[in-house]
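Subject: Structure handover and notes on the ligand site

Dear colleague,

I am passing on the structure below, and after it you will find what came out of going through the ligand site. Please read the notes alongside the coordinates.

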Amino acid sequence: MSRNLFDNLLHVKSLFRDRRALGHAFNPQNLPHRRDEISALVNNLVEALRGHAPSNMNLYGRPGSGKTAVTRFVCRDLESKGAAEGCKISTVEINCRNIDTKYRVLAEIGNRLAGEGDEAIPFTGWPADKVFDRVRARMQARAGVHVIVLDEIDHLVRKGSEGDDLLYSLTSLNIGLLEGGAFCCVIGISNDLAFTEMLDPRVQSRLAPIDVVFAPYNATQLEDVLKPRANKGVKEGALDDAVIPLCAALAAKEDGDARRALDLLRISVQQAEQNEVDVVRISHVRQAQNQLEFDQITPTIQDLPLQQKLVLFSILINERNGLNNISTGEVYGTYEMACENAGERPLTSRRVSSLIRGLDMAGIITAKTTSRGRHGMSKRINSCLPPAFDALKVMRSAEPVMDVVVGARYRLQNKL
Ligand SMILES: Nc1ncnc2c1ncn2[C@@H]1O[C@H](COP(=O)(O)OP(=O)(O)OP(=O)(O)O)[C@@H](O)[C@H]1O
Ligand SMILES: [Mg+2]
């Protein structure tokens, strides 16, 4: 009888109890180590339950510091308390990475607040004033407090005047809404502490937000974040005692990112499953860490422009030849040969220096400037890719010309 391709995997015993508990979309019931941040939101938003307008807020913090999770957690309780107390409260959460123009944000708010028989606002095409009037009319018709959460708002603010214009409009909404017994409060969430400095001073002063800073989690705190989620997500006895502390310690080094800690744990469990063992061990966490690094770096290397790939190639092949602290001159010599093999005209050494700086900023290499006394300044260039990561292979499969370049022979300077 022919076997089905899925038979093998289907019969592997899963180590997960509920994989979703370790996923990004899961909303935990409890958020350890975010008590102060939750209190700051609750102390302000309680005004909505008292029939007053809460202040606007700005929440800042590194990726994975719990900003979105905390805001959802508080808004969920605010809405249910509002319903229990007969207060009209609606919350609208918008992610400005996906919905990234003033028009689209206002249209989205208008559509989420649409009542029965209200016309849908199209994605594009209406005059801005018309969209704005509908939003105001719908807020007034619903009355009560409207909490507008603009998550990842820095994406909008970086786009010219879109952010300024939107926030100006939203803050001016209150003026027209007050007569209708409605209020609007804006909660902006961003990674960038300097975000309000990018705003027009008029918008800043109208917004007058309460700032809440989310500090990164440390390793011990991340352990407390992971434990309840692991209890829910992973079968009892399936985790070696050292696994959670290692995931937490590794993620603490990555700016205390709770998302990273959860990804590490989830992928470690997957690795153990694939190896068909009953217990997740630290070796699986190491494998997960490698996989995550590879997943992050691969697209960065693939998407480098050809000239930058040629420069990176020139650095890597010298390293393979045993050189380290490579100078710009050494890179340039190899780069010229690589260009010839690629059929490309070499750029000037000044341009190549700026491509080297670009690779440094992307975290692929480090280029330290050192003084060579009266010979001027020189760079010491080293790659900083994970040891097991084969960047040459990635570049080779990314574009045919790089296959030719990597496959060619080079005369390189030998290790001294
Ligand atoms: N204190 C916590 N307890 C449990 N899970 C948490 C906690 N803090 C964060 N998480 C989880 O970590 C992940 C990342 O958190 P969240 O999405 O809130 O980060 P963020 O600060 O919004 O990051 P970004 O700036 O990248 O949007 C989510 O899965 C979230 O549920
Ligand atoms: Mg977020």
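The shell around ligand 1 takes at least three residues from domain 1 (34-214) and at least three from domain 2 (218-299); please bear in mind throughout that this is a predicted model. The domain assignment of the protein also gives a domain 3 (303-407), and the centres of domain 1 and domain 3, taken over C-alpha atoms, are separated by 46 Å.

As for the place itself, the space that ligand 1 takes is the largest pocket, and the elements that contribute two or more residues to the shell around the ligand are α3 (67-85), α9 (219-233) and α11 (258-274). There are 23 residues around ligand 1, of which K67, T68, A69, Y217 and R229 come nearest, while by character the residues of the shell divide into 10 nonpolar, 7 polar and 6 charged.

Turning to individual polar atoms, two of the residues that come nearest to ligand 1, Y217 and R229, appear again here. A nitrogen atom of ligand 1 lies 2.7 Å from a polar side-chain atom of Y217, and a nitrogen atom of the ligand is 2.9 Å from a polar atom in the backbone of P32. On the side of R229, an N or O atom of the side chain is 2.7 Å from an oxygen atom of ligand 1. Taken alone, ligand 1 exposes 630 Å², and the protein buries 93% of that area.

With best regards

Terms used: Residues numbered from 1 in each chain as written. Chains lettered and ligands numbered in written order. Predicted model: local features only at pLDDT ≥ 70, side-chain atom pairs only at ≥ 80, totals over all residues. Heavy atoms only, no water. Near = heavy atom within 4 Å. Polar contact = N/O pair within 3.5 Å; in protein donor to acceptor, adjacent residues only side chain to side chain. Areas by Shrake-Rupley, 256 points an atom, 1.4 Å probe, with all protein chains shown as cover. 1 Å grid on protein atoms, 1.4 Å probe; cavity = no way out; pocket = protein on both sides within 12 Å on 5 of 7 lines; lining within 4 Å. Sits in = over half its atoms within 2 Å of the grid points. Helix = DSSP H or I, 4+ residues; strand = E, 2+ residues; numbered from the N terminus. Nonpolar A, V, L, I, M, F, W, Y, C, P; charged D, E, K, R; others polar. Domains from an automatic or database assignment.
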